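Here's a quick tour of the charged pairs and the packing in this model. Have the structure open while you read.

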Number of protein chains: 2
Amino acid sequence: MARFNYLNAALLALTFQSTLAFTPTKLNSPRPTSLQVSATQPFSLDEYLLSKKGPIESALEASVKSRIPQTDKICESMSYSLMAGGKRIRPVLCLAACEMFGGTEEMAMPTAVALEMIHTMSLIHDDLPSMDNDDLRRGKPTNHVIYGEDVAILAGDAMLSTSFEHVARYTKGVSADKILDVIARMGKSVGAEGLAGGQVMDLECEGKPGTTLEDLKWIHIHKTATLLQVAVASGAVLGGASPSEVEACEKFAMNIGLAFQVADDILDVTASSEDLGKTAGKDEATDKTTYPKLLGLEESKAYARQLIDEAKECLAPFGDRAAPLLAIADYIVDRKN
Amino acid sequence: MARFNYLNAALLALTFQSTLAFTPTKLNSPRPTSLQVSATQPFSLDEYLLSKKGPIESALEASVKSRIPQTDKICESMSYSLMAGGKRIRPVLCLAACEMFGGTEEMAMPTAVALEMIHTMSLIHDDLPSMDNDDLRRGKPTNHVIYGEDVAILAGDAMLSTSFEHVARYTKGVSADKILDVIARMGKSVGAEGLAGGQVMDLECEGKPGTTLEDLKWIHIHKTATLLQVAVASGAVLGGASPSEVEACEKFAMNIGLAFQVADDILDVTASSEDLGKTAGKDEATDKTTYPKLLGLEESKAYARQLIDEAKECLAPFGDRAAPLLAIADYIVDRKN
């Protein structure tokens with residue numbers, strides 16, 4: 001247990017170092033007296049998510065619609081995975097961040113769609129036989145099971161590429177400079193210092209006994225947290241946030257991104273395949289290094305909770321306007337799948 | 001032979017329809033009296049390519065340099081394929097088009113790099129066992145043979161994504177609106193109506209007896225011509241071309257793109273594996289529909305030549321400034337690998 005506590009302390013110190021370095025007084029907005037959403041304006045995440053669901057699903061559907069017979073097959077494959085449900089956390093984070101700074105849903109929707117496309121591409125490619133070899137995703141056969149490996153790879157490529165076209169072509173009411181900022185962030189988030197790099201490190205560490213907490217954190221930041229960070233930061237940029245406000249959003253998102261991954265590791269142990277819509281217990285079976293394995297289950301839960309609390313503190317300067325993002329942060333550790 | 005001539009005529013009519021619709025008088029520049037490069041200023045493609053080689057290779061190398069130990073593996077894999085030689089036709093087309101309109105090499109270099117990244121990504125993914133299953137590319141083992149399928153897929157994803165970051169972050173001296181225009185073109189060129197869509201159609205038609213000339217043309221336009229078109233059009237946009245000038249460049253590039261593919265089909269029949277740096281005679285072995293199969297070898301050569309002549313006519317309004325692009329057009333059908 002002595003080793004466990006040491007590891008835990010080291011991990012927490014590593015994680016919170018950057019969070020604590022953040023100085024809210026640099027921001028323009030006054031700091032409210034409480035991190036809680038105002039009691040006079042109760043916020044319902046369910047209602048909020050419901051209000052966003054329709055516009056997001058419509059925009060996603062339109063983005064992969066085939067316009068000529070020759071593209072029917074690839075668009076069907078793209079649509080199969082993009083429209084397979086999912087929590088749409090990245091789009092919602094993007095819209096919520098944009099609105100927190102006074103931007104509109106319309107300003108952020110093309111980026112919200114693009115982020116879900118990128119996420120979906122990463123799932124299609126991760127599920128391939130030469131990667132995680134998963135046959136089940138969100139309770140349905142994975143893309144390559146239906147369309148074949150070749151089409152699945154190409155559908156992922158097309159979705160990744162189209163995501164950038166989508167932002168460049170359809171973002172309205174925002175300066176071109178800000179749109180380029182968003183595209184640069186998106187581009188980096190899938191590259192060597194993003195999703196793909198995190199995944200390669202993950203493959204390298206798989207089953208390797210010497211994998212350290214630092215390795216695990218690097219993998220999770222790049223595989224998961226980076227795209228969530230881009231979702232929130234892009235929304236903030238599009239909504240008109242100042243550089244220091246964007247920075248506060250990035251720190252919020254980095255913490256919820258890590259918490260998201262810790263929660264995923266926990267769910268792999270505690271949830272059923274039915275709840276998850278994918279094979280549960282897979283991490284154990286594949287001898288994957290996870291937070292529950294390194295920290296134990298209860299400590300992992302406490303760690304996820306602490307990450308979320310720290311995340312929420314980053315948004316304190318924005319008061320009630322941060323209500324949707326704060327509620328999403330809570331949802332990330334409390335979710336059942 | 002009657003059927004052959006009919007097919008050939010139909011194909012030529014299809015191809016030239018859009019080219020002929022182009023009206024040079026719409027352009028601002030005066031039309032020169034000859035399509036040939038001025039005799040007083042002889043142009044050497046070899047010297048031109050040599051002058052571009054150094055800056056392009058340096059910029060490519062820098063674009064995939066690992067900056068932290070965790071990304072060494074993925075960057076090595078990206079670099080392995082990106083730096084494996086190749087003719088760099090897309091970067092050169094982009095720089096030449098930019099300079100034709102008075103732009104500088106610096107303005108277009110990030111886009112030139114991005115286009116080669118996209119091209120390389122498409123080669124890595126095309127070579128995968130579940131796609132063309134090729135072990136040899138440019139005389140070297142393919143990416144997945146060296147790094148494994150999983151890393152090869154991820155290196156491709158990272159390269160595609162980084163290409164957009166590269167343009168957004170590093171293009172200088174050009175308005176943000178123009179950079180967004182370039183990004184939208186690049187994004188579309190790999191999507192359902194670009195590379196990936198062309199490849200899916202190609203897979204669907206493979207070995208199918210009913211594949212028509214129209215199918216073949218659609219596949220080649222989307223698999224090959226579109227990215228060359230984006231190379232020239234993006235260079236033109238960055239260099240300050242007017243919309244009608246960009247349109248002329250697009251028509252030029254569409255024709256050389258088709259000619260490029262016809263030449264590729266011809267080389268697969270006539271060249272050795274040693275010359276090609278990849279397995280020759282593969283189209284015959286895989287029962288692939290090609291121009292030589294549909295038109296015969298000699299007619300395919302004549303068709304490629306005619307496409308190039310038509311392409312060059314599109315650049316007539318730009319006079320001597322078009323010399324590099326005109327020489328590249330000739331090179332495309334005259335090349336030996």
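## Salt bridges and core

Over all chains, the count of salt bridges comes to 36. Keep in mind that this is a predicted model.

Three of the pairs in chain B look like this:

| Acidic residue | Basic residue | Closest N and O atoms |
|---|---|---|
| B:Glu105 | B:Lys52 | 2.9 Å |
| B:Asp330 | B:Arg305 | 2.7 Å |
| B:Asp334 | B:Arg305 | 3.6 Å |

Take the salt bridge between B:Glu105 and B:Lys52. B:Glu105 sits in helix α5 (residues 105-126) of chain B and B:Lys52 in helix α2 (residues 45-63) of chain B, so this pair ties together parts 53 residues apart in sequence. Both B:Glu105 and B:Lys52 are buried.

Now for B:Arg305, which forms a salt bridge with B:Asp330. That pair links helix α16 (residues 323-334) of chain B, home of B:Asp330, to helix α15 of chain B, home of B:Arg305, across 25 residues. B:Asp330 counts as partly exposed because its relative accessibility is 21%, and B:Arg305 is partly exposed too, at 28%. B:Arg305 also forms a salt bridge with B:Asp334; here the two residues are 29 residues apart, again in α15 and α16 of chain B. B:Asp334 is partly exposed at 42%. Over in chain A, shared partners join A:Arg305, A:Asp309, A:Lys312, A:Asp330 and A:Asp334 into one network.

What about the nonpolar side? The largest nonpolar core has 201 residues. Among those with the most contacts inside it are A:Leu325 and B:Leu325. B:Leu325 touches residues including B:Leu93, B:Met100, B:Val232 and B:Phe252.

Notes
Residues numbered from 1 in each chain as written. Chains lettered and ligands numbered in written order. Predicted model: local features only at pLDDT ≥ 70, side-chain atom pairs only at ≥ 80, totals over all residues. Heavy atoms only, no water. Core = buried A, V, L, I, M, F, W, Y, C linked by side-chain atoms within 4.5 Å. Buried < 20%, exposed > 50% of the residue type's maximum accessible area, 1.4 Å probe, protein only. Contact = heavy atoms within 4.5 Å. Salt bridge = Lys/Arg side-chain N within 4 Å of Asp/Glu carboxyl O. Helix = DSSP H or I, 4+ residues; strand = E, 2+ residues; numbered from the N terminus. Lists of a residue's contacts leave out its neighbours within four places in sequence.
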